[in-house]
Amino acid sequence: MEYSSREITLENGRHAVIRSAIPKDAEMLLRYLKATASETPFLLRYPDEICMTVEEERAFIQHMIESTRDLMLIAEIDGEHAGNASFSSCGSMQRTRHRCNVAIALYRKYWGIGLGRAMLKTLTEAAKENGFEQAELQVCTGNTRAIALYQELGFTICGTLPHSMKYRDGSYADEYTMVKSLLE
Ligand SMILES: CC(C)(COP(=O)(O)OP(=O)(O)OC[C@H]1O[C@@H](n2cnc3c(N)ncnc32)[C@H](O)[C@@H]1OP(=O)(O)O)[C@@H](O)C(=O)NCCC(=O)NCCS
């Protein structure tokens, strides 16, 4: 799915452009996946587990554009890639196609300036406009920044998956499932 590019003003007065990812972003996105994976323990992959080739990433972005059920957004500040947010349908069957799963990660240098809030608002509005009735996400129970933001935007905790992630040092993280109705 494509999203027409728009400029937004953040809390600190800076401007960000939010747009769809396009195939020529592939190399930039691979750099971003590796960097964000090393900046926080709350994402699914270790940096060395990001093994997609540029060609594979390009094909994935093309698939996202052609899909009527998935959207990948990129935010840029002063022409620099600041982060991504995306939604994907929870299924193609009638009983689950009203639900979408949401994900977001920003480069650390862009945390705390309202970009996450702006991107998630944009994303959930786009999901609603495209017929989704419910947005869902999983978040580590220790990710207090993300949880506070999700709650502010109307997501509520509806369950906990214990030991959802296992780290290389043998420790575990639990994850909350959070849900926001898009029906109102
Ligand atoms: C989680 C993330 C997307 C939040 O985006 P952000 O742009 O930093 O968030 P915003 O600046 O829009 O909003 C921050 C909100 O989080 C909360 N917050 C900020 N700092 C916080 C902290 N240290 N502790 C707890 N909550 C905090 C506040 O509610 C704040 O709202 P406020 O500005 O009204 O006080 C971003 O930090 C990120 O990409 N983190 C790494 C990847 C990640 O964890 N992704 C989510 C996986 S589920």
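These are my notebook entries on a predicted model of a protein with a ligand.

**Entry 1: overall layout**

I began with the secondary structure, which comes to 4 helices and 8 strands. Read from the N terminus, the order of elements is β-β-α-α-β-β-β-α-β-α-β-β. I then looked up the extent of the C-alpha trace, which spans about 40 × 40 × 35 Å along its principal axes. The radius of gyration is 16 Å; a compact globule of 184 residues would have a value near 16 Å, so the protein agrees with that rule.

I also looked up burial and contacts. Buried residues are 24% of the 184 in the protein. Of the contacts between residues at least 6 apart in sequence, 58% join residues at least 24 apart.

**Entry 2: the ligand shell**

Which residues come nearest to the ligand? I listed 23 residues around the ligand, and the nearest are Trp111, Gly116, Arg117, Ala146 and Ala148. Four elements give two or more residues each to this shell: strand 5 (99-106), helix 3 (115-129), strand 6 (134-140) and helix 4 (144-152). Helix 4 supplies the largest share, with 6 residues. Sorted by class, the shell holds 13 nonpolar, 7 polar and 3 charged residues.

**Entry 3: helix 2**

Next I checked the geometry of helix 2, residues 54-66. Its 13 residues should span 18 Å at 1.5 Å a residue, and the end C-alpha atoms are 18 Å apart, so the span agrees with expectation.

Which residues of helix 2 are buried? I found Glu57, Ile61 and Met64. Viewed down the helix axis, the buried residues of helix 2 fall within an arc of 55°, so they line one face. The background is that an α-helix has 3.6 residues a turn, so residues three or four places apart point the same way.

I then looked at both sides of helix 2. The cover over its buried residues includes helix 1 (26-39) and strand 3 (70-77). On the face turned away from the buried side sit the exposed residues Glu55, Glu56, His63 and Glu66.

**Entry 4: positive phi values**

I looked for backbone angles out of the ordinary, because most residues other than glycine have a negative phi. I noted Asp78, a residue other than glycine with a positive phi near 50°. Asp78 is in the loop between strand 3 and strand 4 (80-89). Is Asp78 buried or exposed? Asp78 has 9 C-beta neighbours inside 10 Å and therefore counts as exposed, the cut-off for exposed being 12 or fewer.

I noted His163 as well, which is not a glycine but has a positive phi of about 50°. Where does His163 lie? His163 is part of strand 7, residues 156-166. With 10 other C-beta atoms within 10 Å, His163 is exposed.

**Entry 5: Asn130**

Last, I looked up Asn130, which is found in the loop between helix 3 and strand 6. Asn130 has 16 C-beta neighbours inside 10 Å, so I entered this residue as partly exposed. I also took the distance from Asn130 to Arg108, a residue 22 places away along the chain. Their C-alpha atoms are separated by 30 Å.

Methods
Residues numbered from 1 in each chain as written. Predicted model: local features only at pLDDT ≥ 70, side-chain atom pairs only at ≥ 80, totals over all residues. Rg over C-alpha atoms; globule rule 2.2 N^0.38 Å. Buried ≥ 20, exposed ≤ 12 C-beta atoms within 10 Å, placed from the backbone. Contact = placed C-beta atoms within 7 Å. Near = placed C-beta within 6 Å. Nonpolar A, V, L, I, M, F, W, Y, C, P; charged D, E, K, R; others polar. Expected span 1.5 Å × (residues − 1). Arc of directions from axis to C-beta.
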